[in-house]
Amino acid sequence: MKRIFALLGIGVVLAVSGCSGSGNQGAGEGGKLDIYFLDMVGGASTLIVTPAGESVLIDTGSLEPKHRDADRIHQACKDAGLAKIDYLVTTHFDVDHYGGILELSKRIPIKRFIDNDTPAKDISKRQRFQQLNPLYEEATGGKTKLLSAGEDIPLKNVTKGKRGAVRIHCVASQKRVEGFDGDVDAAVEGFEMDRADTSNNAGSIALVLTYGKFKFFAGGDITLNVEHHLAHSVNRIGKVDLYQVTHHGLDRSNNPLLLAALSPTVCVAMNGPRKGVQPRTFGVLKGLPSVKAIYQIHYNTQYGDKGNTGGEFIANPKDNADQGQYIKASVYPEKDIFTVSIGPDGAPKTYQIQ
Ligand SMILES: [Zn+2]
């Protein structure tokens with residue numbers, strides 16, 4: 001972590017703090033786009049608020065314990081000044097990604113539902129899915145839209161000056177990769193492919209957000225073979241400024257080929273104290289010349305220095321793991337910077353948009 005980017009200067013930091021206000025007034029102000037990485041304790045939920053005030057929530061964490069995750073998402077919506085969620089994207093049907101949906105829908109209106117259309121019958125054999133699928137049905141009223149690779153989330157947007165429009169584009173879904181027509185699990189000459197992943201993970205929705213020159217990749221829990229085809233033989237995403245570390249930082253994902261292709265500046269891992277950020281993935285990210293900082297939602301109790309970034313980049317430290325603190329990124333394309341802070345009041349660190 002010796003390449004951690006120095007703050008650009010007190011002036012910039014103060015200007016940025018001034019824009020972001022106290023948290024409740026932040027949504028959509030002055031061309032700023034916000035991304036909240038929420039603490040789902042090893043699950044995932046990411047809230048995006050565009051400068052036009054539109055909101056996209058990616059995943060809803062888990063149902064248990066005691067609706068913790070729905071409450072945390074709701075609190076982040078309040079911090080962002082939201083009265084509704086415009087789009088909810090369920091990347092795939094795993095318990096740590098769609099468990100909180102019904103409880104959340106009771107706390108804040110959700111206007112539209114997008115998913116990867118995994119047929120419930122395929123996963124209903126397991127008890128936990130039998131419990132969760134009816135909750136999903138109840139929350140969505142059965143009105144969901146499949147998002148396929150190559151499609152955009154239809155944001156209303158505002159296009160002004162240098163910033164341009166915000167675009168959220170799907171590059172993979174249902175084990176299909178945009179621009180690649182073959183079977184992702186088939187042999188590829190010169191590469192050792194992983195065995196076919198028949199779990200829900202491989203079919204996750206993977207999204208690329210662009211705003212001006214800024215680029216953010218959130219790949220859900222896609223696994224090694226899907227990742228391979230996002231990077232080879234064409235780098236289909238290109239370099240990104242911000243990377244939501246895929247699959248909580250597990251080594252079943254985070255293909256080094258894709259990580260090198262993405263060359264992120266800042267990485268954020270949605271890990272739990274005992275889940276995610278495994279040593280191989282952590283080592284590869286740390287070794288990328290582009291990486292200025294790695295953030296983690298939790299201190300990782302499993303791997304010591306081989307799975308932990310510096311203390312100032314961990315939202316929920318070992319000695320205070322239950323506070324539910326989020327990591328927030330704010331993007332200012334007209335200044336060519338984005339900032340990352342911990343919690344609603346954390347001091348922002350500033351990074352250049354590449
Ligand atoms: Zn997951």
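The following exchange goes through some assignments in a predicted model.

Student: Which protein atoms are donors of the zinc ion, and how do you know that they count as donors?

Tutor: They are D96 (OD), H97 (NE2), D221 (OD) and H248 (NE2), lying 2.1 to 2.4 Å from the zinc ion. The cut-off for a zinc donor is within 2.8 Å, so these N and O atoms qualify.

Student: What makes the arrangement around the zinc ion irregular?

Tutor: The 4 donor atoms subtend angles of 85 to 157 degrees. Tetrahedral would need all angles between 85 and 135 degrees, and 157 falls outside that range, so that label is ruled out. The arrangement is therefore called irregular.

Student: Why is the pair H97 and H248 said to tie parts of the chain together?

Tutor: H97 lies in helix α3 and H248 in the loop between β11 and α8, so the pair joins parts that are 151 residues apart in sequence.

Student: Are H97 and H248 buried or exposed, and how do you know that?

Tutor: Buried means under 20% relative accessible area. H97 has 1% and H248 has 2%, so H97 is buried and H248 is buried.

Student: Why is E334 called partly exposed?

Tutor: Its relative accessibility is 45%, which lies between the limits of 20% and 50%, so E334 counts as partly exposed. E334 sits in the loop between β15 and β16.

Student: What makes β8 and β14 edge strands?

Tutor: The open sheet has 8 strands in the order β8-β7-β9-β10-β11-β12-β13-β14. β8 and β14 each have a single partner strand, so one side of each lacks a neighbour in the sheet.

Conventions:
Residues numbered from 1 in each chain as written. Predicted model: local features only at pLDDT ≥ 70, side-chain atom pairs only at ≥ 80, totals over all residues. Heavy atoms only, no water. Helix = DSSP H or I, 4+ residues; strand = E, 2+ residues; numbered from the N terminus. Buried < 20%, exposed > 50% of the residue type's maximum accessible area, 1.4 Å probe, protein only. Donors = N, O, S within 2.8 Å, 3.2 Å for Na, K, Ca; no water. Tetrahedral: all angles 85-135°; square planar, octahedral: opposite > 155°, others 65-115°. Pairing = 2+ DSSP bridges.
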